[in-house]
Structure formats: structure tokens, C-alpha cells
Amino acid sequence: MAQEQIQIQEQKQQQVQRLSQQQMLQVKLLEMPLTELEESVNAELDDNPALEKGQDEGEYNERNESSEQEEYDFDSQRENEERQDALDSALEHMVSDDDLPTYSGQMQRDNAEYEEIVYGDSTSFIDKLNEQISERILTEREKTVLKYLIGSLDDDGLLRKELDVIADELAIYQGIDLNEHEIEHILKLLQDFDPPGIGARSLQECLILQIERKVKEGEWDRNSNLYKILFTIFNNYFEAFTKKHWDKIKNALELSDLQVKALQNEIRKLNPKPGASMGETLGRNVQQITPDFIIDTDENGNVSFTLNQGELPELRVSQSFNDMLETFKENKEGMNRQQKEALLYAKGKIDKAQGFIEAIKQRRNTLYVTMKAIIEIQRKFFQEGNEADMKPMILKDIAEKTGLDISTISRVSNIKYAQTRWGTFPLRHFFTDSYTTDEGEEMSTRKIKIVLKEVIEQEDKSKPLSDDTLAKVMKEKGFPIARRTVAKYREQLNFPVARLRKE
């Protein structure tokens with residue numbers, strides 16, 4: 001008997017959690033590295049007349065009471081006039097007879113736990129790529145995904161993560177639901193950035209992107225033999241190319257010795273590590289990366305840290321706006337329309353300034369507790385600087401230790417750096433996956449890779465070790481990992497198979 005399908009329309013209440021405007025501001029500021037935050041603060045100071053730079057009393061009292069003091073007074077008077085002009089201009093466009101809001105008072109900034117350190121003002125590798133985003137016409141979603149992809153690049157400027165993994169991370173950490181095809185489309189936008197080859201998912205794609213860029217920019221002709229042969233080699237004979245089997249390529253493409261030599265010269269001009277070269281050009285080193293954290297280890301092994309405040313100014317709500325608000329509130333009875341509009345304007349600007357200051361404080365507190373948790377787990381590394389001492393640690397571990405959401409920890413650790421006694425590292429450097437042996441023992445994959453690298457580098461180059469032999473050696477050293485795991489980590493360390501390591 002056939003079942004009849006009936007459509008029923010019903011109404012039900014459903015509770016949906018949405019981020020408030022203040023929460024969205026906190027998330028936005030939290031994702032920013034220090035240099036970008038400085039720009040955002042300056043922009044907010046320009047936009048909101050109720051937000052102003054604070055000034056310590058000691059600094060004020062040090063000023064001379066002569067011409068320098070007169071110049072300060074003149075600047076203050078001019079600033080007040082500009083704020084009044086902004087108020088008068090806004091009053092012309094405001095019409096509202098809503099109930100008068102209340103104000104709880106001015107927020108004060110407490111920076112007792114933080115030391116302000118000005119450190120570096122140069123553009124980092126990541127910053128330079130992010131700058132190129134603003135040069136393109138993109139949607140907000142595309143900008144967000146591009147920034148996430150940039151933050152996922154390795155030091156060579158390549159994207160080693162699979163697109164399905166990135167899709168999962170975007171859904172979890174950014175609340176963006178995209179399939180692999182949509183992410184690949186946005187990745188193509190990144191691959192059009194400078195330097196050529198950036199954002200490639202493999203060496204093969206990196207080299208192909210570079211020769212395609214030469215054609216696009218008119219340096220090469222798409223119909224030239226040079227482009228056609230290199231395109232064929234990279235697409236159809238890439239394995240032979242990586243193994244330096246030029247005889248096979250020469251015979252297959254019927255090339256002369258002179259042509260092979262010319263091709264080799266052109267290939268040497270390509271860059272297999274576009275990110276590394278960009279770092280050299282921009283001075284990607286300790287002096288020119290702006291760290292968000294300054295971590296210090298004394299001779300006794302005590303680890304402490306401060307947040308780098310860079311050139312962030314002291315922020316406060318304008319006293320003139322506060323005074324204006326109090327004046328209106330005292331004369332609330334019998335206020336005319338224009339006075340009520342002025343009160344609403346002042347209250348709105350003060351609320352916005354207060355919210356921005358609160359978001360800055362929240363960002364500072366979140367960064368503080370996150371780095372504190374990282375140091376507690378990776379203390380031995382910060383004491384001795386040996387990467388082999390790094391414990392397995394993932395975002396979830398820090399989230400549980402701090403009580404923060406995993407997406408919050410992800411935002412903190414993305415595109416931010418920490419200066420340590422042993423060098424300056426991206427925060428992602430301190431996170432390492434774990435490998436669980438058959439006996440249930442948990443080991444750091446980074447430590448395993450370090451030991452594996454040492455074994456390969458110290459092997460007899462005339463008789464390099466096979467993956468099976470490497471697995472046996474690793475087990476003898478206390479790392480019982482399978483042969484397939486050895487092969488996987490060996491490839492990630494950019495070591496070829498045994499026969500290609502033979503010298």
C-alpha cells in the first residue's frame with residue numbers, strides 16, 4: 001500500500017546564539033597582529049571624537065611651563081574645537097526622541113601587569129601578503145579566508161595542508177562553511193600574489209605557477225619553445241626531473257645538449273621556496289619581525305613574559321564628552337530637541353569609545369592567559385631551547401587549560417610571533433601533534449622528526465639507510481614507529497629515498 005506524503009507547516013521557537021557587536025569587535029581585534037592593531041587603534045582615534053590618547057601625569061608635569069606648555073595648550077584647544085565641530089555637524093543630521101540613556105562612567109585602563117616595549121617597525125613576510133589583500137577587490141568572506149590561508153603557509157611559502165582540512169578548520173574556527181572547490185578558487189587568488197609561486201601546494205605547482213606568471217607578465221611568450229618544453233617537463237616528466245634523470249627527458253623530448261643546458265639555466269632562476277626568498281628581501285629576521293610576546297629566561301631557568309605594546313597609545317574616553325554628558329543629564333528637565341540629540345550623540349560616541357577600550361583590554365587579557373598556558377606546557381623548551389623537549393600540544397590543550405574556546409586559541413596563535421632567548425618563532429611553532437605507539441605511549445611528532453633527521457644526516461652516505469632500517473634504528477633509540485610513518489616523516493623533512501641519498 002502506497003504511503004501518502006503530506007507536507008505540514010508548523011511554527012516553533014528556536015534559540016540561536018549570535019555574536020553581539022561588541023563580541024565581533026573583540027574577535028576582530030584578537031586576530032590582529034601588533035602592527036595591524038596599531039593601525040586599527042589610530043583609525044578609531046581619527047573616527048571617534050570621544051576616544052582620545054591618554055597622558056600620564058608624570059609626563060605632563062615634566063613639560064616646561066614656557067613655550068612648550070603654550071604649544072600643548074594650543075593643540076588641546078584646537079582638538080576641542082575640532083570635536084565641537086564634529087558634534088555640531090552631527091546634530092544637523094540626527095533626529096530621535098527616544099528615552100534618554102544612562103552612562104555608568106568612564107572606563108580606566110589597568111596596565112599594572114604589562115610592560116610597554118617598542119620593538120621593530122618593519123614589514124614581515126605575513127604582513128606583506130596581508131597588505132596585498134587590501135589591494136584587491138574582494139568580499140569580506142574572501143578576505144577572511146585569504147588571511148587564514150596566509151596564516152597556514154609554511155616558511156617556504158607553500159600550503160602543505162589539504163583543502164579538506166582547511167575546510168574543517170574554517171568551519172570550526174571561523175564559522176565559514178566552504179567546500180574544497182570554493183577554497184581552491186580563493187587559493188587561486190592567493191597564488192596570484194607576489195612573489196610568484198606563493199601558495200602552491202607542492203614544488204611542482206610552485207614551479208608551474210612561476211612560469212605561468214612569466215607568460216602573464218609578458219616576459220615569456222606562451223608559444224615559445226622555452227615555455228612549452230618547461231611546461232611539458234613539469235607536467236609530464238616531473239618525477240624524472242626531481243631525480244635528475246635528464247637523459248630520460250632529453251631522449252623523450254628529443255633535445256640537444258645545448259637545449260638541456262639552456263633549460264637548466266632557466267630552471268635555476270625559478271625559486272622553489274618563494275616564502276623564504278620573500279623573507280630575505282623584507283628582512284625576515286629577529287630585528288624586523290614584530291613579536292607580540294617578549295619571553296625572557298634567566299640563568300636560574302625562571303621564565304617570564306610581557307606583551308609587546310609597540311606604539312599603542314594609552315586610550316581613554318574624552319573628558320570633554322563626559323562633561324558634556326553630565327551637563328545634559330543635570331538639565332534633563334525641559335531639554336529641547338537639539339539638546340536631546342546632542343545628548344544621544346555624545347552617549348553613542350562614549351559608548352563606542354568605552355567598547356573599544358574594553359575590547360583592547362579583553363584582547364590583552366586573552367593573549368596573556370594563552371601565552372601563560374603555553375609556557376606552562378612548553379617550559380622546558382623555553383628554558384633550554386631544545387625543540388626535542390617540546391611536549392605534544394594542540395589547540396584543545398590550551399583551550400582546556402585557559403577555559404577559552406578553541407576558536408579563540410586559534411585566533412591568538414595565528415599570525416603572531418614570540419621573541420625568546422632562542423629566537424623569534426610564530427606561535428604555531430609551539431604546537432605539535434602527538435604520535436601514539438602500539439603500547440599507548442604518546443610522543444611528540446616534532447621530537448620524532450628531530451631524531452629521524454639526525455639519524456639520516458649521520459648515516460653512511462655510501463650506504464644510506466632504507467625506511468625499514470630507519471624504523472629499526474628509531475625503535476632502538478626509543479621511538480617505535482612504523483615503516484610507513486618513517487617514510488611519511490622523511491618526506492616531510494625533504495629527504496629523498498635511500499637510493500637518491502647515495503653519494
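This passage looks at a helix pair, the nonpolar cores and one exposed residue in a predicted model.

A good place to start is the pairing of helix α6 (residues 140-151) with helix α7 (residues 163-174). Their axes lie 12 Å apart and the helices pack at an angle of about 115°, in a right-handed crossing. On the α6 side, the contact is made by T144, V145, Y148 and L149, while α7 contributes I166, E169, L170, Y173 and Q174. Sorted by character, the residues of this contact comprise six nonpolar, two polar and one charged.

L149 also leads into the interior of the model. In soluble globular proteins, nonpolar side chains tend to be buried together. Here, the largest nonpolar core has 54 residues, and L149, M371, I374 and F430 are those with the most contacts inside it. Helix α16 (residues 337-377) supplies the largest share of this core, with seven residues. Because domain 1 (125-277) and domain 2 (293-430) both give residues to the core, it lies between them. For a closer view, consider I374: leaving aside residues up to four places away in sequence, I374 touches F382, M393, I398, L427, F430 and F431. Another core, of 24 residues, lies apart from this one and includes L29, L34, V41 and F321.

The last stop is E503, found in the segment after α23 (498-501). Is E503 buried or exposed? Its relative accessibility is 73%, and exposed means over 50%, so E503 counts as exposed. E503 nevertheless has partners: beyond residues up to four places away in sequence, E503 touches K461 and S462. E503 and S462 are 41 residues apart along the chain, yet their C-alpha atoms are separated by 5.5 Å.

Methods. Residues are numbered from 1 along each chain as its sequence is written. This is a predicted model: local features need pLDDT of at least 70, side-chain atom pairs count only at pLDDT 80 or more; totals for chains, interfaces and linings use all residues. Side-chain values use heavy atoms; hydrogens and water are left out. Axes are lines fitted to C-alpha atoms, for helices over the stretch in contact, and angles run from 0 to 180 degrees between N-to-C directions. Helices (H or I, at least four residues) and strands (E, at least two) are DSSP runs, numbered from the N terminus. A crossing is left-handed if the near helix is turned anticlockwise from the far one by less than a right angle, and right-handed if clockwise. Contact means heavy atoms within 4.5 Å. Ala, Val, Leu, Ile, Met, Phe, Trp, Tyr, Cys and Pro count as nonpolar, Asp, Glu, Lys and Arg as charged, and the others, Gly among them, as polar. A nonpolar core is a set of buried Ala, Val, Leu, Ile, Met, Phe, Trp, Tyr and Cys residues joined through side-chain atoms within 4.5 Å. Buried means under 20% relative accessible area, exposed over 50%, partly exposed in between (1.4 Å probe, protein chains only). Domain bounds come from an automatic or database domain assignment.
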